[in-house]
Amino acid sequence: MRIVTLIENTPGAEGCAHEHGLSLYVQTPRHRLVLDTGATGAFADNAAAVGIDLRAVDTVVLSHGHYDHAGGLLRMAELAPEAPIWMQRGAGRDFYHGEKYIGINKAILALPQVRFADGDLRLDEELVLFSGITGRRYWPQSNLALRVLENGIPVQDDFAHEQCLMVEAEGKRVLLSGCAHNGILNILDRYAELFGGDPDVVISGFHMKKGTDYTPEEWQVIEDTAHALLDHKCLFYTGHCTGRPAQERMQQIMGDRLRALHSGEELVL
């Protein structure tokens with residue numbers, strides 16, 4: 001299995017752009033797959049720079065309905081028009097951070113290759129989409145500023161539109177999430193319900209990024225999350241929305257069990 005970070009917040013491979021967004025390329029014996037497409041079309045330029053032909057992609061997955069994961073979907077659809085784009089049915093709703101619209105471009109919803117999942121869905125023997133993450137253990141407090149419109153009224157987003165991807169190939173199970181808005185530990189709990197045990201590798205943002213200093217309580221949640229992740233037999237890759245201060249604090253606790261994502265770099269599984 002080959003996994004490459006097509007775009008992420010931090011620079012990596014020479015000649016690759018970086019932006020506030022996330023896109024991952026996954027190659028298995030059966031599939032050439034893209035999870036998320038960053039905030040713009042730059043993920044596709046990065047793919048070309050590292051020798052990945054996105055025209056060969058057969059499956060696209062959107063982790064949740066935010067612009068920094070869906071911004072390149074229209075370009076992806078042009079490059080691989082036969083590849084289905086899988087998203088949860090609620091991913092096209094109107095999402096806001098304060099007054100800022102952070103949902104997806106509505107033109108995406110009109111694409112003929114868009115496919116809506118209603119909860120968990122096995123695509124084939126290698127790929128499973130799952131959602132239904134209802135736990136609230138160490139739920140990211142940065143979610144509290146995020147809203148969805150219901151009948152024109154902004155209410156707290158419960159992230160029912162978030163889905164994760166489990167890839168099983170060549171003797172490994174890899175869990176991919178975009179931002180883990182539902183909390184990475186709650187996602188791992190849901191994974192255990194569905195598949196038993198832990199995946200070999202987890203690739204996900206942890207959504208701990210803040211624009212201001214962390215409170216002592218927030219630091220405690222970050223540290224407690226890191227200690228709890230060590231109880232799982234996984235190698236973790238993170239970046240994008242985790243936030244550098246939080247990631248550095250977690251790195252001190254988790255050591256080599258936590259690794260950083262960078263634009264254009266291939267992951268070592």
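Here are three exercises with worked solutions on the strands and helices of this predicted model.

**Exercise 1. The sheet**

Task: Work out in what order the six strands of the open sheet lie, and which strands are at its edges.

Solution:
- Start with the order. The open sheet runs E1-E2-E3-E4-E5-E8, and its pairing is mixed.
- Now look for strands that pair on one side only. These edge strands are E1 (2-7) and E8 (114-117).
- Finally, add the twist. On average, neighbouring strands of this sheet are turned by 25 degrees against each other, with direction ignored.

**Exercise 2. Following the pairing**

Task: Take the strand pairs E2 with E3, E3 with E4, and E5 with E8, and find in which sense each pair runs.

Solution:
- Begin with E2 (residues 23-27) and E3 (residues 32-35). They run antiparallel and are joined by four bridges. To find this pairing in the viewer, pick Gln27, whose bridge partner in E3 is Arg32. The link from E2 to E3 is a hairpin of four residues.
- Move on to E3 and E4 (residues 59-61). Here the sense is parallel, with three bridges. A handy marker is Val34, which has Val60 of E4 as its bridge partner. Between these two strands the chain passes through helix H1 (residues 42-49), giving a β-α-β crossover that is right-handed.
- While you are at H1, note where the helix sits: H1 lies across E1 and E2, and runs at about 130 degrees to E1.
- End with E5 (residues 85-88) and E8. They are parallel and share four bridges. Ile85 has Val114 of E8 as its bridge partner.

**Exercise 3. Two packed helices**

Task: Describe how H5 (residues 216-229) and H6 (residues 244-254) cross, and say what kinds of residues make their contact.

Solution:
- Recall what is needed. Two packed helices are described by the angle between their axes and the distance between the axes.
- Fill in both values. The axes of H5 and H6 come within 9 Å and cross at roughly 40 degrees.
- Classify the angle. Angles under 35 degrees would count as roughly parallel and 65 to 115 as roughly perpendicular, so H5 is oblique to H6.
- Add the hand: the crossing of H5 and H6 is right-handed.
- List who takes part. On the H5 side the contact residues are Trp219, Ile222, Glu223, Thr225, Ala226, His227 and Leu229. H6 contributes Pro245, Ala246, Arg249, Met250, Ile253 and Met254.
- Sort them by class. The contact of H5 with H6 has nine nonpolar, two polar and two charged residues.

Definitions and conventions. Residues numbered from 1 in each chain as written. Predicted model: local features only at pLDDT ≥ 70, side-chain atom pairs only at ≥ 80, totals over all residues. Heavy atoms only, no water. Pairing = 2+ DSSP bridges. Right-handed = clockwise from strand over helix to strand, strands pointing away. Axes fitted to C-alpha atoms, helices over the stretch in contact; angles between N-to-C directions. Contact = heavy atoms within 4.5 Å. Parallel < 35°, antiparallel > 145°, perpendicular 65-115°, else oblique. Left-handed = near helix turned anticlockwise from the far one by under 90°. Nonpolar A, V, L, I, M, F, W, Y, C, P; charged D, E, K, R; others polar.
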